[in-house]
Amino acid sequence: KEVQAAVDNFNHKRETSLPLLELNMGHEILISGIVAWVYVMIGGLLYWKLERPTEVASAIDTGDDPGLWKPASAAFFALTVVSTIGYGATAPRTENGRVLLIPYALLGIPIFSYFLSRVSKVINKFIVMMTGYVLEFFTEEHKKHMFGQGGFNWFMALTLFLETCTALLMGSVVFVRYESWGFFDAVYFSFVTVSTIGFGDMVPETTPTRVLASIYIILFNGSMAGLLGEMENMYGLRFDELVTWVYGTKEEQENELHCPEQQIKSTGVSYGALEEMEKSLDKMSDTELINLVKNSDPEMNSDNIGEGG
């Protein structure tokens with residue numbers, strides 16, 4: 001009765017501690033998206049307050065205001081921090097701004113990564129399912145490989161590769177139009193963005209383009225991350241095969257230790273000679289064996305041999 005009462009009490013506490021709203025993927029994306037957006041806006045506000053006065057003072061002296069720390073630009077900077085892109089063209093100049101960056105990034109990166117992972121999971125799953133649905137009109141072979149084998153899903157990798165290429169082209173069209181970049185420069189910027197490399201040599205200059213870049217980051221960073229993950233799995237499998245080919249397996253090692261060829265290598269005596277020696281020893285009498293041992297080791301005598309059995 002005491003055990004049952006303890007179990008009932010545990011189940012009751014567990015049920016009463018559950019949230020009133022059971023989250024599905026849609027709820028997770030909505031709530032985590034709101035939290036991430038508010039966090040980015042707070043970061044933009046803080047950096048606008050910290051960095052903008054210094055920029056204005058510098059603009060008065062030089063007569064040139066780059067506008068890197070206006071509200072929209074500061075919010076875009078906060079987004080590049082939590083998304084780990086960090087273009088580098090915009091960076092804190094004040095001591096307070098640099099100190100703030102550490103706790104802001106430590107807290108914000110997990111918040112934004114959680115939101116981004118939910119969005120990318122839905123988008124990637126949707127594209128894979130749609131690709132499989134289209135292929136059903138032509139073949140059924142892809143169904144055997146949709147979920148991968150041995151830790152690598154080539155169907156997912158191929159789909160993510162096509163998705164990433166499409167994302168690069170879409171981003172390039174947008175940035176060519178709104179930033180007046182060349183096509184290959186726009187492709188370069190799109191790749192540097194979705195791969196989170198973020199060199200910083202090319203960044204959006206206008207507010208509309210920064211908004212589009214923010215949406216682009218949310219939608220397609222996950223596809224690049226998924227593709228790189230599948231490529232890492234493939235490399236890991238090939239690397240394991242290389243190590244196995246070089247060093248072999250435990251089973252092969254055990255078989256080698258018990259095979260006649262390995263015994264020949266370890267003793268320096270052929271297998272046939274070992275058999276002949278064994279037959280000769282079986283035919284010898286006890287006296288002959290004692291004499292053989294005494295001749296091979298002069299320190300041994302018959303008493304010692306007798307004591308050793």
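The following dialogue examines a predicted model of a protein through questions and answers.

Colleague: What is the mean pLDDT of the protein?
Modeller: The model is predicted, and confidence varies along the chain. Confidence is highest in helix α3 (residues 71-82), at 94, and lowest in helix α12 (residues 302-308), at a mean of 50. A pLDDT of 70 or more is reached by 76% of the residues, and the mean pLDDT of the protein is 81.

Colleague: How many helices and how many strands does the protein have?
Modeller: Read from the N terminus, the elements run α-α-α-α-α-α-α-α-α-α-α-α. The protein therefore has zero strands, and its helices number twelve.

Colleague: What percentage of the residues count as buried?
Modeller: A residue is called buried when its relative accessible area is under 20%. The accessible surface of the whole protein comes to about 20800 Å², and carbon and sulfur atoms hold 64% of that surface. Of the 309 residues, the share that counts as buried is 28%.

Colleague: How far apart are the end C-alpha atoms of helix α4?
Modeller: Helix α4 covers residues 95-135, which is 41 residues. At 1.5 Å a residue, such a helix should span 60 Å. The value from the model agrees with this expectation, for the end C-alpha atoms are separated by 57 Å.

Colleague: On which residue is the kink in α4 centred?
Modeller: The axis of α4 bends by about 35° at the kink. The residue at its centre is Y104.

Colleague: Is S113 buried, partly exposed or exposed?
Modeller: S113 lies in helix α4. In space, its C-alpha atom is 9.9 Å from that of I218, although the two residues are 105 apart in sequence. The relative accessibility of S113 is 37%, and because this value falls between the limits of 20% and 50%, S113 counts as partly exposed.

Colleague: Is G198 buried or exposed?
Modeller: G198 has its place in the loop between α6 and α7. Leaving aside residues up to four places away in sequence, G198 touches I85, G86, Y87 and V192. Its relative accessibility is 5%, which is under 20%, so G198 counts as buried.

Colleague: What is the C-alpha separation of G198 and T84?
Modeller: T84 is found in the loop between α3 and α4, whereas G198 is in the loop between α6 and α7. Along the chain the two residues are 114 positions apart. In space, their C-alpha atoms are separated by 8.4 Å.

Colleague: What value does phi of S180 take?
Modeller: Most residues other than glycine have a negative phi. T84 has a positive phi, near 65°. S180, in the loop between α5 (154-179) and α6, also has a positive value, and its phi is near 60°.

Colleague: Which residue has a side chain joined to that of T206 by a polar contact?
Modeller: T206 lies in the loop between α6 (183-194) and α7 (207-247). T206 is partly exposed, because its relative accessible area of 32% lies between 20% and 50%. The polar contact from its side chain is 2.5 Å long, and the partner is T209.

Colleague: What share of the contacts with a separation of 6 or more joins residues 24 or more positions apart?
Modeller: One pair distant in sequence is T206 and Y178, which are 28 residues apart along the chain and 8.3 Å apart in space, C-alpha to C-alpha. That distance runs between C-alpha atoms, whereas a contact requires heavy atoms within 4.5 Å. For the protein, the share of such contacts is 61%.

Notes: Residues are numbered from 1 along each chain as its sequence is written. This is a predicted model: local features need pLDDT of at least 70, side-chain atom pairs count only at pLDDT 80 or more; totals for chains, interfaces and linings use all residues. Side-chain values use heavy atoms; hydrogens and water are left out. Helices (H or I, at least four residues) and strands (E, at least two) are DSSP runs, numbered from the N terminus. The expected span of a helix is 1.5 Å times one less than its number of residues. The bend at a residue is the angle between axes fitted to the seven residues ending there and the seven starting there. Buried means under 20% relative accessible area, exposed over 50%, partly exposed in between (1.4 Å probe, protein chains only). A polar contact is a pair of N or O atoms within 3.5 Å; within protein, one must be able to donate a hydrogen and the other to accept it, and residues adjacent in sequence count only if both atoms are side-chain atoms. Accessible areas come from the Shrake-Rupley method with a 1.4 Å probe; for residues, only the protein chains shown count as cover. pLDDT is the predictor's confidence in each residue, from 0 to 100.
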